[in-house]
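Let's take a walk through this model, following a few positions picked out in a database record. Have the 3D view open as you read.

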Amino acid sequence: MAFSALNIVRSFSSSSVMNLALKNVTVIGSGLMGSGIAQVAAQTGHNVTLVDVSDPILKKASSRIEKSLERVAKKKFHDNEPESEKFMKETLQRLKTTTNTADSVKEADIVIEAIVENMKVKHDLFKTLDKAAPKSTLFASNTSSLSITEIASVTDRKDRFGGLHFFNPVPVMKLLEVIRTQETSDDTYNKMMTFGKELGKTTITCKDTPGFVVNRLLVPYMGEAVRLLERGDATARDIDTAMKLGAGYPMGPFELLDYVGLDTTLFILEGWHEKYPDNPLFQPSDMLKKLVSEGKLGMKTGEGFYKHQK
């Protein structure tokens, strides 16, 4: 699988870097998604500030980014040690970290939120950001399941707010879903689309509908696979084999559930079910709820639908 951002890293001239649509990027949240977004933005010539609640968390994220960059450099430059070192040095020079949320956005062209999937926590964050950031700063959420319109509702810049849904691992996955609400302006939308392309992503557009494109199709598919297993129609292994060999999918639904996390999938389904109780595709299964209650969350706990080595 190719690293999506690499194709354009070395193609930037000094003038093209200066003309980036959104040069100064602040990423709130330094987990797997946030650190991945920060890495790709720094690789492609953007000045990046990565924000989290403590220095130890940021130190861990910085170490993760550096290791990921080493893999990128090794793949791109092979045995060319000077070019590899130059790439690493220049990328890391464009990346800084801080625990001061308000200060981090004072010069930001765009702020990308990649924190916990909790509406209240996101609302509290964006209320703070809205007061601290310049009026021209664009806001984006990397949420995979919550409404962009609802997240933006607490701000005074609904026209400068959109969704940028990246996929894990961000340095590898080529897709970026750009979510446009009814209030997102043409200027904001166009800048976000351009920004995504500058990151080396293939951008698609979706309205603010549950799960956008990928998760709207993927999560109900995984839920239906669990119901198939729950009824005893087929085993998890046979269902996975069927979808890999019959549909050409790289992973079966149960392998994917264990990779994504059973708790994450259940959280999404429960949220959608609460908002859209009449949609049977959003109904969480008893089997999924039972496994989550037992702490069997997938690869991260060593057991989900399958057992894994931690």
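Start with helix 4, which runs over residues 55-77 and holds S68. Keep in mind that you're looking at a predicted model. S68 has a relative accessible area of 8%, so it counts as buried, the cut-off being under 20%. Leaving out residues up to four places away in sequence, S68 touches Q39 and P171. With Q39 there's also a polar contact: the two side chains, those of S68 and Q39, are joined at 2.8 Å.

Why begin there? UniProt, in an unreviewed entry, places a "binding site" feature at S68, K75 and S144. Those positions are spread over 77 residues of sequence, and they're spread in space too, with up to 29.4 Å between C-alpha atoms. Of these residues, S144 is included in the lining of the largest pocket.

So let's hop over to S144. Look for the loop between strand 5 (138-141) and helix 8 (148-152), and you'll find S144 there. Is S144 buried or exposed? It's buried, because its relative accessible area is 17% and the limit for that label is under 20%.

Who are the contacts of S144? Again setting aside residues up to four places away in sequence, S144 touches E117, H165, G211, F212, N215 and I268.

To put the two serines side by side: S68 sits in helix 4 and is buried at 8%, while S144 sits in a loop and is buried at 17%.

Terms used:
Residues numbered from 1 in each chain as written. Predicted model: local features only at pLDDT ≥ 70, side-chain atom pairs only at ≥ 80, totals over all residues. Heavy atoms only, no water. UniProt positions renumbered as here; feature names shortened; annotations may be inferred. 1 Å grid on protein atoms, 1.4 Å probe; cavity = no way out; pocket = protein on both sides within 12 Å on 5 of 7 lines; lining within 4 Å. Helix = DSSP H or I, 4+ residues; strand = E, 2+ residues; numbered from the N terminus. Buried < 20%, exposed > 50% of the residue type's maximum accessible area, 1.4 Å probe, protein only. Contact = heavy atoms within 4.5 Å. Polar contact = N/O pair within 3.5 Å; in protein donor to acceptor, adjacent residues only side chain to side chain.
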